Structure formats: C-alpha cells, structure tokens
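Reader: Hey, can you walk me through this one? I'm new to reading structures, so plain words please.

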Number of protein chains: 2
Amino acid sequence: MNIGIVGLGLIGGSLGLKLQHLNHKVFGVTNSISNKQIASKRKLANFISCDLNILEKCSLVILALPIKDLVNPSPELIAAIPDTAIVTDVGSIKTPIVNIWEKIHPLFIGSHPMAGTEKKGVKAGYLNLFDNAKWILTPTKNTSKKSIDLLSKLIIAMKCKICETTPNNHDRAVSVISHLPIFIGASLIKSASEGENQSLLNLSYELASTGFADTSRVGGGNPYLGLDLARNNQQNILEAIKMFKSHINEFEKLIIEQKWELLLEKLQHTKDTRNLFL
Amino acid sequence: MNIGIVGLGLIGGSLGLKLQHLNHKVFGVTNSISNKQIASKRKLANFISCDLNILEKCSLVILALPIKDLVNPSPELIAAIPDTAIVTDVGSIKTPIVNIWEKIHPLFIGSHPMAGTEKKGVKAGYLNLFDNAKWILTPTKNTSKKSIDLLSKLIIAMKCKICETTPNNHDRAVSVISHLPIFIGASLIKSASEGENQSLLNLSYELASTGFADTSRVGGGNPYLGLDLARNNQQNILEAIKMFKSHINEFEKLIIEQKWELLLEKLQHTKDTRNLFL
C-alpha cells in the first residue's frame, strides 16, 4: 500500500521505518530541506519531500505532526490529502483533533500509539519504537467502517494491541497516566535543582540515580509537547493535578502525624495497584 | 579477604555475588532457614548461615539490613562483630545510623551504594546491580583512616564511583532525589487508580504505558523501605514534599492562567536541567 506520513519526527520516522519493513511504499513529508536530508540518509521513507503533493497517490495518510499543527492545519495540507485516502493522526490528545478533522475529511479516524521516548525530531525515530505498544483508536458515529478496518489491519500487522474508546474518555484517561507525569517530573527536577545551598545542589547532581532518572524522565521531555497538551487538554490536566495534590497531601499528613501503620498500608496498596497497570 | 554480609536481600545478595566474583571469601547471614536455602541455591555467599557467629573471622562486615534493624540493632548482632573488623552499612539514610554505630564500633564507616530495583528479598540480588553505580561514603571526625581506605579500595574494585559527604548533607540530598520520588510515584498511582468512573479506570489500566511505568516505578517499591525512610528522614522528606508542592502549584497556576509562553520556558528549562543530572 502507498502510505503517506506527514512529519518524520519520533513517531512519524519510526512509523516510516516500520511500514517499509512491512513492505509498504512510504511517502514522507518533512518541513525543511535539512530535515529532508537527514530523513533521507536515515531512510525513514522510500520517497521523501518537502512538497505535500508527494501524497497524491497514497491510500492512507498518517498525520504525524505536533498537536498545534493538527488542531490548526494549513490549507496546503488539507488540499494535498487525496479525497479517497483514509486519514489518521497520531496525536496524544484526541477531542480537539477529531472535532476538526472530521469536518475536513470524511475518511478521518483519530488514533494514538502509546509509545515514545523523551527524544524528538528527525533523528529520534527507530524501527522498534512500537513493539508491543498499545494503539488507541477513537472512532465516532461519523467514522467510516472502511477507515476502522484498514487502520486496524495495519496496526495488527505492526504487532500493536488495538484499544478502542471515545475521544473524550481517551483524553481523560491520558490526562492522568500520560500528561500528569510530565508536570510531576518537571516539578521534581525543579525541586532537586533550585535552592540556596549550592554545595547541596552539587551533591544532588552527583548522587541522582535511576530512581530520579525514571521519575523525572517524561518531565524532561519535549517542552513543546508539554505545552500542546496543556493548551489542548487543559481542563482534564488541571483535574488530574488537583487529584494528585490531594493524594500527596494525604501522604504528607501521614508523615507529619507519624501514622506509620497507615503509611505502610498505603504504600503496600500502591505497590499492589501498580502491578495491575503493568 | 574474608567479608561478612549481614542480610542477603537485594543489596546484600548482589554484594555477595559481586565480592565472590572478585575472589573474596564471603560469609552471609540470613534471617531464616528458608532464606538460607534460597540464598545457598543462588550461591549468594561462599558460606551461609542463620548464626551470626559465622562473622567471627571476617575483616570487613557489611550490614545490609533494613534501616529499622540498623537504627535498632540486636544485642546478638553487636556481640557477633569482631572488634578488629571494619564495619559498614548500606542503608539509604545515614545520620541516625552513623550516630548509633559510631558508638557501637570504633571502626564503623557509613556508606550507601546508589543502586536498586523495586524488588526485595533473597531472590532479588544479581551480579551486576552495582555496575557504574555511585557509592557514597559518609566519614565523620570519628572515622578511622583504616576504615576509609579499605572500603574505598573495595568500592573501586567493584567499579563504583566514590562520593564523599557528611551524613547530614547525604540525608538532605537523597530526601529530594531518592525519597521524594517514592511519595510522588505513589500519589500518581493513587491518582490513576481511584475514582468513581470504573470504565475510565479500566481504560487507564489498559492504556498505561512507559511514561506511567517509569514515573511510578519507585512509588511501587518496597513499602517497608518507604516507611523506614519516612520514619528516619522525616524532616528532610517533609521539606522536600513542601518544595515539590510549591513547584507543582506554579505549573498548575500557569496552566489555569494560560500563560503558555512562561510554561514553555519552564518546561524547556527543566528539560535542560535534567540533562545536568544524568
């Protein structure tokens, strides 16, 4: 199948590598000549261009663009997508993107592969990013069966696990499990790096180990992604932060009041609960 | 050298494997017959016993016990350590342990290898746990040069990097970079698993991905460790939580007030700062 990928960053580039590996013909669009050169050298697609017209023979177009470009698509992009192509995106929020793109293209279906690293850009993609990943589809009453079927087949071929839900439920769930960790991680980094005692800060830099690295990882991710999520999933993220604060307040209270048995019980419970997620 | 290790859990067991690998003769003490059997099968030490008298010919004794047993050592343990042995511990707080053990044994030196997983117990240790780890030494004015020199040599032979500081500065630094992440991670797990909308919670369970797994990892660790840290590093941890809350409040405020440029700047800054830690 001829597949167009608009944007060859972490997600688009990894998809380009994977889909070529599955013998599809991949047409990749980059936003600059210099990115085109890097993408070509890395063979992220069979054909790579800055010209959106490269999409004209594609049966599927995957929009692997930053959220801000998905909620505010350029007229050139809209014009370049063939009427007969099935269209999806890989954005990590769904409601605003689906609302806009359902009006633009009758064969649009929102999707979101749950995979990532803290890297971004045309050098970030790699073949195995999606191995065993979950891939969310958010069809609505307007979505064509054809779009669901074709995209589902492709996702299964990539050995990902499909999970179907509504755009709204998607955005509420990821606000807690994906977006909240960004602001938690960033707050941890600030806690460890700000203060008046410079020798203590130097010691923290030296001692920081895997626990700090893991807890702060997504907090040190692409800042433009964090911004796009905050702008476009604002209410859900604020709700998640509020909930999180009530829980850390509870831990703080137990420690202040030295309620050690309750604290142990609570930590045991979170340990057991975490296993259910993984 | 004859080295005694009291406790063959994650840290003690890994040390036992590593020190045997470096051709030391390791004498391991377990707290039960069943643990002794597992430890023996896993060859965590050359000689393994529940009897503390196994330590009598050791030139170095490493106390790899839970913090609660280090700050409240049994009379049997104290009696079993040879007067001529150098003694260290591997506890993840230092001030209360150093204060107690300096009074018990003239050759004591506090130490803390910065390595771990969320596993615990006699099945958890493995040979390469300490590869490239930092290992903190917290000598005081009472610490003998002999203890510092011998332990330093051993740490370097294990290919770990020595970092020297005071017990107090150690405890303040780790309260932020190691202990705070436990309560952050646990609060994240609670945020994602509690609520009235069961279908949304089920979706969160299904969608949770590497971002959630990493940010919550230490929050799902050994609950007894979390308790011991809270009990024995209470003031520093409360200080760290307070600082963290002020930072997450700032992020929340920026999102509420839609100060997107400031938010981007802050996220860019935390991303850059995180790189300094790793």
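Author: Sure, let's go through how the chains meet and then look at the sheets. One thing up front: this is a predicted model.

Reader: Ok, so how many residues does each chain put into the contact?

Author: Chain A gives 87 residues to the contact and chain B gives 87 residues.

Reader: And how much area do chain A and chain B bury between them?

Author: About 8,600 Å², with 68% of it on carbon and sulfur atoms. On the chain A side, the residues that lose the most area to chain B are A:Leu207, A:Arg274 and A:Phe277, and together they make up 9% of what that side buries.

Reader: Why do people talk about area here at all?

Author: Because the size of an interface is often given as the accessible area lost when the parts come together.

Reader: Got it. How many salt bridges are there across the interface of chain A and chain B?

Author: Six of them run across that interface, while the structure holds 22 over all chains.

Reader: Which residue does B:Asp214 form a salt bridge with?

Author: Its partner is A:Arg217, and the closest N and O atoms are 2.6 Å apart. Another salt bridge joins the side chains of A:Lys245 and B:Glu252, at 2.5 Å from N to O. That pair crosses between chains, going from helix α11 of chain A to helix α11 (residues 234–256) of chain B.

Reader: What about residue pairs in polar contact, how many cross the interface?

Author: There are 22 such pairs between chain A and chain B, counting those where both residues have pLDDT 80 or more. As for what chain A brings to the side that touches chain B, the elements giving two or more residues include β7 (134–138), β8 (161–164), α7 (167–193) and α12 (260–277) of chain A. The largest share, 20 residues, comes from α7(A).

Reader: What kinds of residues are on that side of chain A, by class?

Author: The side of chain A that touches chain B has 44 nonpolar, 27 polar and 16 charged residues.

Reader: Switching topic: what is the strand order in the sheet of chain B?

Author: Chain B has an open sheet of eight strands in the order β3-β2-β1-β4-β5-β6-β7-β8, with mixed pairing. At the edges stand β3 (47–49) and β8 (161–164) of chain B; each has a single partner strand, so one side of each is left without a neighbour in the sheet. From one strand to the next, the twist averages 25 degrees.

Reader: In what sense do β5 and β6 of chain B pair?

Author: Parallel: β5 (residues 86–89) and β6 (residues 108–114) of chain B pair that way over two bridges. Within that, B:Val87 stands opposite B:Phe108 in β6(B).

Reader: Where does helix α7 of chain B lie?

Author: Helix α7 (residues 167–193) of chain B lies across β6 and β7 (134–138) of chain B, and runs at about 20 degrees to β6(B).

Reader: Last bit: what does the sheet in chain A look like?

Author: Chain A has an open sheet of eight strands too, ordered β3-β2-β1-β4-β5-β6-β7-β8 with mixed pairing. Its edge strands are β3 (47–49) and β8 of chain A, each pairing on one side only. In chain A, β5 (residues 86–89) and β6 (residues 108–114) pair in the parallel sense over two bridges, and A:Thr88 stands opposite A:Ile109 in β6(A).

Notes
Residues numbered from 1 in each chain as written. Chains lettered and ligands numbered in written order. Predicted model: local features only at pLDDT ≥ 70, side-chain atom pairs only at ≥ 80, totals over all residues. Heavy atoms only, no water. Contact = heavy atoms within 4.5 Å. Buried area = accessible area lost by both parts, 1.4 Å probe. Salt bridge = Lys/Arg side-chain N within 4 Å of Asp/Glu carboxyl O. Polar contact = N/O pair within 3.5 Å; in protein donor to acceptor, adjacent residues only side chain to side chain. Helix = DSSP H or I, 4+ residues; strand = E, 2+ residues; numbered from the N terminus. Nonpolar A, V, L, I, M, F, W, Y, C, P; charged D, E, K, R; others polar. Pairing = 2+ DSSP bridges. Axes fitted to C-alpha atoms, helices over the stretch in contact; angles between N-to-C directions.
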